[in-house]
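Have a look at the model below. After it comes a quick tour of a few spots worth finding in your viewer.

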Amino acid sequence: MIRMSDSLASLARSSRLASYISMIGIRYLTTRAASSLQEIIKASSYIGRDDEFANDIDWNNLGFGLTPTDYMYIMKCGRDDEFKQGQLNRYGNIELSPSAGVLNYGQGLFEGTKAYRGEDKRLFLFRPQQNAIRMQIGAQRMCMPSPSTEQFVDALKKTVLANRRWIPPPGKGSLYVRPLLIGSGPILGLAPASEYTFLVFASPVGNYFKDGTAPLNLYVEDEFHRSTRGGAGDVKSITNYAPVLKSLSRARNRGFSDVLYLDSVHKRYIEEVSSCNVFILKRNVLSTPATNGTILEGITRNSIIEIARDLAFQVEERPIPVEELLDADEVFCTGTAVGIAPVGSITYKGNRIEYKTSNQLVCLRLYSRLVGIQRGIIEDKMGWMIEID
Ligand SMILES: Cc1ncc(COP(=O)(O)O)c(C=O)c1O
């Protein structure tokens with residue numbers, strides 16, 4: 001069994017990879033007109049330029065929309081279960097058989113992490129080994145082979161370096177990095193695919209929610225569930241996301257920011273939001289639903305737990321009945337895409353609970369610690385940041 005914490009050895013290996021990449025350097029191709037899907041570019045053919053930013057982009061108004069960047073990374077794996085010969089390609093459409101496993105049976109996983117530009121121009125990834133390990137755990141669940149932690153981190157670094165002109169200036173946002181693992185081989189009867197593709201692309205992003213950093217208004221869903229016991233809610237399977245779109249769009253049409261899901265057995269315990277984890281604070285006690293197979297074990301969640309303990313909060317991972325929301329001092333969400341988002345209100349069975357909002361919130365204190373580490377302003381005592389060049 002692979003565990004989220006088994007990452008020290010790969011950390012050492014990825015530091016060696018970072019120095020190798022900085023040795024060979026990266027040269028950017030500044031025109032996208034030369035783009036060709038067939039064009040394969042080896043990382044060793046680039047030379048880095050620190051001062052270059054993409055044109056035609058309003059860095060002050062980045063949302064969470066897709067901005068296509070220059071390159072994506074692709075690595076394949078056949079019947080021998082070994083990923084090899086990964087390469088950077090120009091970003092563009094990919095070719096898939098109509099009978100690919102991912103298109104027919106949803107055999108696919110994705111990840112999400114971010115690259116940051118520090119104040120001193122250094123480039124960092126935040127805990128990418130944790131994403132690699134989570135993808136490996138998910139791949140076991142979905143009967144797929146997966147890249148090693150070293151291959152995964154190497155692919156992310158290459159993708160970020162090749163797209164570095166798309167990393168926003170410090171404080172303006174980050175480069176969202178999206179690794180995908182899909183059953184790309186053709187299949188007709190239900191079975192694992194015969195070939196797999198690992199692909200990494202990136203997009204510059206700012207705030208996830210359209211109201212920027214305004215507190216979220218959550219709707220507690222009591223009809224649909226995000227996940228069930230024995231299902232795959234604890235892995236980042238692509239099949240977990242389309243089913244929440246109905247609740248999400250219904251809630252958004254009613255003016256809510258997102259949906260808070262309850263467990264499917266008792267319909268009483270809070271689980272998580274569509275794409276982020278949830279925490280409640282009461283005095284000095286920070287509680288979050290325990291990861292028991294139906295909740296995604298967020299890397300931001302785990303990082304906030306560590307930061308909170310370091311700041312002397314008592315942290316509890318346990319079942320949280322929905323009624324406890326009535327009594328909470330603060331509620332907030334955590335995730336790579338959202339960062340930490342304070343919750344301003346929660347509506348459950350027609351009743352709206354409101355939470356105080358101010359810039360003195362504990363969750364903002366925890367967030368500023370996390371962001372400080374991610375931007376290289378606060379000392380990274382935990383060794384979370386991986387420098388890219
Ligand atoms: C369902 C779900 N929960 C929680 C999270 C937060 O996880 P992380 O902090 O690793 O981004 C995500 C985002 O990846 C998610 O999709």
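What follows goes from the whole chain to the ligand shell and then to a few single residues.

This is a predicted model, in which local features need pLDDT of at least 70 and side-chain atom pairs count only at pLDDT 80 or more, while totals for chains, interfaces and linings use all residues. Residues are numbered from 1 along each chain as its sequence is written.

**The chain as a whole**

The protein chain has seven helices and 18 strands; these are DSSP runs numbered from the N terminus, with helices being H or I of at least four residues and strands E of at least two. Of its 389 residues, 43% are buried. Buried here means 20 or more other C-beta atoms within 10 Å of the residue's own, exposed means 12 or fewer, and partly exposed is in between, with C-beta atoms placed from the backbone. As for contacts (C-beta atoms, placed from the backbone, within 7 Å), 71% of those with a separation of 6 or more join residues 24 or more positions apart.

**Around the ligand**

How many residues surround the ligand? There are 13, and the closest are Gly-298, Ile-299, Thr-300, Gly-335 and Thr-336. A residue counts as near the ligand if its C-beta atom, placed from the backbone, lies within 6 Å of it. By class, the shell splits into three nonpolar, eight polar and two charged residues. For that split, Ala, Val, Leu, Ile, Met, Phe, Trp, Tyr, Cys and Pro are nonpolar, Asp, Glu, Lys and Arg are charged, and the others, Gly among them, are polar. Helix 6 (299–310) and strand 15 (330–335) each supply at least two shell residues, and helix 6 gives the most, with three.

**Three residues to click on**

| Residue | Where | C-beta atoms within 10 Å | Status |
|---|---|---|---|
| Ser-97 | loop between strand 3 (83–90) and helix 2 (101–105) | 14 | partly exposed |
| Gln-151 | helix 4 | 18 | partly exposed |
| Lys-236 | loop between strand 9 (216–221) and helix 5 (245–253) | 22 | buried |

Start with Lys-236, which UniProt lists in an unreviewed entry for "modified residue: N6-(pyridoxal phosphate)lysine". UniProt positions are in the numbering used here, feature names are shortened, and annotations may be inferred rather than shown by experiment. Leaving out residues up to four places away in sequence, Lys-236 touches Leu-109, Phe-110, Glu-111, Arg-134, Gly-138 and Leu-296.

Next, Ser-97: its C-alpha is 6.1 Å from that of Pro-186, although the two are 89 residues apart in sequence.

**Helix 4**

Helix 4 (residues 149–162) reaches 20 Å from its first C-alpha to its last over 14 residues, close to the 20 Å expected; the expected span is 1.5 Å times one less than the number of residues. Twelve of its 14 residues are buried, including Phe-152, Val-153, Asp-154 and Lys-157. Gln-151 is partly exposed because it has 18 C-beta neighbours inside 10 Å. Outside its sequence neighbourhood of up to four places, Gln-151 touches Met-75, Phe-83 and Gly-86. Gln-151 and Gly-86 sit 65 residues apart in sequence and 8.6 Å apart in space, C-alpha to C-alpha.

**A hairpin to finish**

Strand 16 (residues 339–348) and strand 17 (residues 351–354) pair in the antiparallel sense over four bridges, pairing being at least two DSSP bridges between two strands. The two form a hairpin with two residues between them, and Lys-349 in the turn has a positive phi of about 50 degrees. For Ser-345, the bridge partner in strand 17 is Glu-354.

Definitions and conventions: Contact = placed C-beta atoms within 7 Å.
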